[in-house]
Amino acid sequence: MFKIGIVGCGAIGSFISKKVLDGTIKNTKVVAVYDKNLDKMEELSKLTGAKICKSVDDLVKEDLDLVVEAASVRAVEEVAEKSLTNKKDVLIMSVGALVDKNLFLKLQNLAKNAGKKIYLPSGAIGGLDAIKAMRLGKIKEVILKTTKPVNALEDALKNLGYNVKDIKEPVIVFEGDVFEAIKEFPANINVSVTLSIAAEFPAKVMIVADPNAKLNKHEVIVKSSIGKLKVCVENVPFEENPRTSALAAYSAVRLIRDLAEPIKVGT
Ligand SMILES: NC(=O)C1=CN([C@@H]2O[C@H](COP(=O)(O)OP(=O)(O)OC[C@H]3O[C@@H](n4cnc5c(N)ncnc54)[C@H](OP(=O)(O)O)[C@@H]3O)[C@@H](O)[C@H]2O)C=CC1
Ligand SMILES: O=C([O-])CC(=O)C(=O)O
């Protein structure tokens, strides 16, 4: 039996758990959960039978094959560092944290020394398989244009001083590099960091708030010496958390399920 611990019992953590329970992810059990939100943690524990942990320290001491971080950019350093130090593989959803080169290198070294893996799912975008291959040529430009409904961007927009009720037509609310993008939209644009890590090239990012949009749209463009890639995904958002695309959670489910598969498809 493959044993998982989950930090962050929100939309993605709960979805992964349901896919363990319904057998989409086979021979697997969610054995431990942790969340700073007690209600969500208790709810997920009730659903899965997993042990409620008092802290990340408690969770990583359990007998686990994989720790899933599905909490927040701010949680990543503690969760990943403690997982690897305690000889556990870790899957990171809040990939945005890895925009910090020092953290990226620290975790990479910890993983190497522990003989453990850090998994970064494709999340809410597509095309990383091709981009990773293109990277072996010369990457010239990486662009991500994200369009989300206004309510999906609400927290970040309020912090930036927008009165969200005044947004009546599509507005470009951000244009800049991946480093600024994840700082200003930490819960909305993790994908820009995943993309930049896959390409090993910093993405240019544009974020559009569209009051008429119903879907989370990500348009990825990569220009390289090997060719040009254009991928556009239009994702259904989660009801429980409209900031998050369903595809992001499905991508994590697929990654965990594939760990046990003998045949690997895609780069
Ligand atoms: N890689 C990708 O493509 C994508 C990544 N994401 C990222 O994945 C993560 C999970 O997303 P989602 O499930 O939708 O988010 P949710 O907000 O639905 O769930 C996150 C849960 O984690 C809790 N939490 C936050 N910080 C901590 C912490 N430091 N320690 C313990 N618990 C914590 C939250 O508590 P509370 O509610 O009290 O804040 C909440 O219960 C987010 O960081 C999100 O930005 C999302 C979509 C795509
Ligand atoms: O789910 C999405 O559409 C993307 C997202 O929130 C993120 O990358 O943080």
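**Figure 1. The segment annotated by UniProt in this predicted model.** UniProt, in an unreviewed entry, places the feature "domain: Aspartate dehydrogenase" at residues 167-253. Over residues 167-253, helix accounts for 29% of the chain and strand for 37%. The C-alpha atoms at the two ends of this stretch are 35 Å apart.

**Figure 2. The shell around ligand 1 and the two domains that contribute to it.** Ligand 1 is surrounded by 24 residues, and the closest are I12, D35, S94, N241 and T244. By class, 11 of the shell residues are nonpolar, nine are polar and four are charged. Domain 1 (2-123 + 248-260) and domain 2 (128-235) both give residues to this shell, so ligand 1 lies between them.

**Figure 3. Polar contacts of ligand 1 with A11, I12 and N241.** A polar backbone atom of A11 is 2.9 Å from an oxygen atom of ligand 1. For I12, a polar backbone atom is 2.8 Å from an oxygen atom of the ligand. N241 takes part through its side chain, with a polar atom 2.8 Å from an oxygen atom of ligand 1. On its own, ligand 1 has 920 Å² of accessible area, and the protein covers 84% of it. Two elements, α1 (11-21) and α9 (190-199), give two or more residues to the shell.

**Figure 4. The UniProt "binding site" residues A124 and N190.** Both residues are listed under this feature in an unreviewed UniProt entry. They are spread over 67 residues of sequence but cluster in space, with a largest C-alpha distance of 8.9 Å. A124 sits in the loop between β6 (118-119) and α6 (128-134). Its relative accessibility is 7%, so A124 counts as buried, the cut-off being under 20%. A124 and N190 are also among the residues around ligand 2.

**Figure 5. The surroundings of ligand 2.** The residues around this ligand are A124, K148, A187, N188, I189, N190, V191, N216, H218, R243, T244 and S245. By class, four are nonpolar, six are polar and two are charged. T244 is also one of the closest residues to ligand 1.

**Figure 6. Backbone contacts of ligand 2 with N188, I189 and V191.** A backbone N or O atom of N188 lies 3.5 Å from an oxygen atom of ligand 2. For I189, the distance from a backbone N or O atom to an oxygen atom of the ligand is 3.2 Å. A polar backbone atom of V191 is 2.9 Å from an oxygen atom of ligand 2. The protein covers 94% of the 270 Å² of accessible area that ligand 2 has on its own. The elements giving two or more residues to this shell are α9 and β10 (216-224).

Notes: Residues are numbered from 1 along each chain as its sequence is written. Chains are lettered from A and ligands numbered from 1 in the order in which they are written. This is a predicted model: local features need pLDDT of at least 70, side-chain atom pairs count only at pLDDT 80 or more; totals for chains, interfaces and linings use all residues. Side-chain values use heavy atoms; hydrogens and water are left out. A residue is near a molecule or strand if one of its heavy atoms lies within 4 Å of it. A polar contact is a pair of N or O atoms within 3.5 Å; within protein, one must be able to donate a hydrogen and the other to accept it, and residues adjacent in sequence count only if both atoms are side-chain atoms. Accessible areas come from the Shrake-Rupley method with a 1.4 Å probe; for residues, only the protein chains shown count as cover. Helices (H or I, at least four residues) and strands (E, at least two) are DSSP runs, numbered from the N terminus. Ala, Val, Leu, Ile, Met, Phe, Trp, Tyr, Cys and Pro count as nonpolar, Asp, Glu, Lys and Arg as charged, and the others, Gly among them, as polar. Domain bounds come from an automatic or database domain assignment. UniProt positions are given in the numbering used here, feature names are shortened, and annotations may be inferred rather than shown by experiment. Buried means under 20% relative accessible area, exposed over 50%, partly exposed in between (1.4 Å probe, protein chains only).
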